[in-house]
Amino acid sequence: MPVTVTRTTITTTMSSSSGLGSPTIVGSPRALTQPLGLLRLLQLLSTCVAFSLVASVNAWTGPMGNWSMFTWCFCFAMTLLILIVELGGLQARFPLSWRNFPITFACYAALFCLSASIIYPTTYVQFLSHGRSRDHAIAATFFSCIACVAYATEVAWTRARPGEITGYMATVPGLLKVLETFVACIIFAFISSPHLYQHQPALEWCVAVYAICFILAAIAILLNLGDCTNMLPIPFPSFLSGLALLSVLFYATALVLWPLYQFDEKYGGQPRRGRDVSCSNRHTYYVCNWDRLLAVAILTAINLLAYVADLVYSARLVFVKV
């Protein structure tokens, strides 16, 4: 689905420049010598080294370690797939829109590696005793940070700029959709225990808000990746505007209700971390309930800001032609 950034003159396309100021060579090993090719090689190397270091000493026990290992392996595999497609010039045969897929993945990968670079050292590495395992874990964290920067650089290089015709996912609203769904996934991870919200209907409504907004944003992403935006019964621009407005309203209610019913004693909440018995002892690989609830409140605020920005950018900066 082509997207034009308004208030400028159309001068070039993603397929000819990739936002790097030089032609992209596909179907040839020379693609690896271009700036974007070299950047993807760095991504491939850093994620490979990260999971190899951890796997060599089995330093990925528990849910947090599993998440980090999954992140590095997934990013490595998908980056390798992208390199193979571009080296073979197979973009036309790829089942998803090549205008949208690489930058969508790069944005997700940057967020995944960022989360692993924070979660792994804070919930796992600090509990390891000094020795070979700890040294490998610290080195893996370093390479995870390198991968995060490399993926974020690709997003910055290939995002839509004034005067370009490109896929919707390369625009700011498209990238915000990625952020919104990613933050929602982290929220789901923190509220994976039903007892954290099932005791209050207001909290159940908050969980419903997270689920509904995630599904709608995911649908928007999948429609763009599959070039299926014309399947909607309403124009796609109207769907995007309605989605952003609805999500802002829903998340605004969740931002009020979640802290109110989780941290206010009048509504059965727990205002102080010290009163939560699950937080009394520090335990390896474990995040206590009060910390989870606080994280969800913070992530709710972050996603509300993302949806507000999405609504503003969608209304002011781009228009979509299906």
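Asn58 counts as exposed, because its relative accessibility of 51% falls in the range over 50%. This residue belongs to a predicted model. The points below cover Asn58, a second residue with positive phi, Asp227, and the packing of helix α2 against helix α5.

**Asn58**
- Asn58 sits in the loop that links α2 and α3, the latter covering residues 62-88.
- The phi angle of Asn58 is near 55°, which is a positive value in a residue other than glycine.

**Asp227**
- Asp227 also has a positive phi, near 50°, and is likewise a residue other than glycine.
- The loop holding Asp227 runs between α7 (201-225) and α8 (236-263).
- With a relative accessible area of 42%, Asp227 is partly exposed, because this class lies between the limits of 20% and 50%.

**Packing of α2 and α5**
- Two packed helices are described by the angle between their axes and the distance between the axes.
- Helix α2 spans residues 35-56 and helix α5 spans residues 132-158; the two pack at an angle of about 160°, and their axes are 8 Å apart.
- The angle makes α2 roughly antiparallel to α5, because angles over 145 degrees are put in that class.
- Among the residues of the contact of α2 with α5, 16 are nonpolar, eight are polar and three are charged.
- The crossing in which α2 passes α5 is left-handed.

Note on methods:
Residues numbered from 1 in each chain as written. Predicted model: local features only at pLDDT ≥ 70, side-chain atom pairs only at ≥ 80, totals over all residues. Heavy atoms only, no water. Axes fitted to C-alpha atoms, helices over the stretch in contact; angles between N-to-C directions. Helix = DSSP H or I, 4+ residues; strand = E, 2+ residues; numbered from the N terminus. Parallel < 35°, antiparallel > 145°, perpendicular 65-115°, else oblique. Left-handed = near helix turned anticlockwise from the far one by under 90°. Nonpolar A, V, L, I, M, F, W, Y, C, P; charged D, E, K, R; others polar. Buried < 20%, exposed > 50% of the residue type's maximum accessible area, 1.4 Å probe, protein only.
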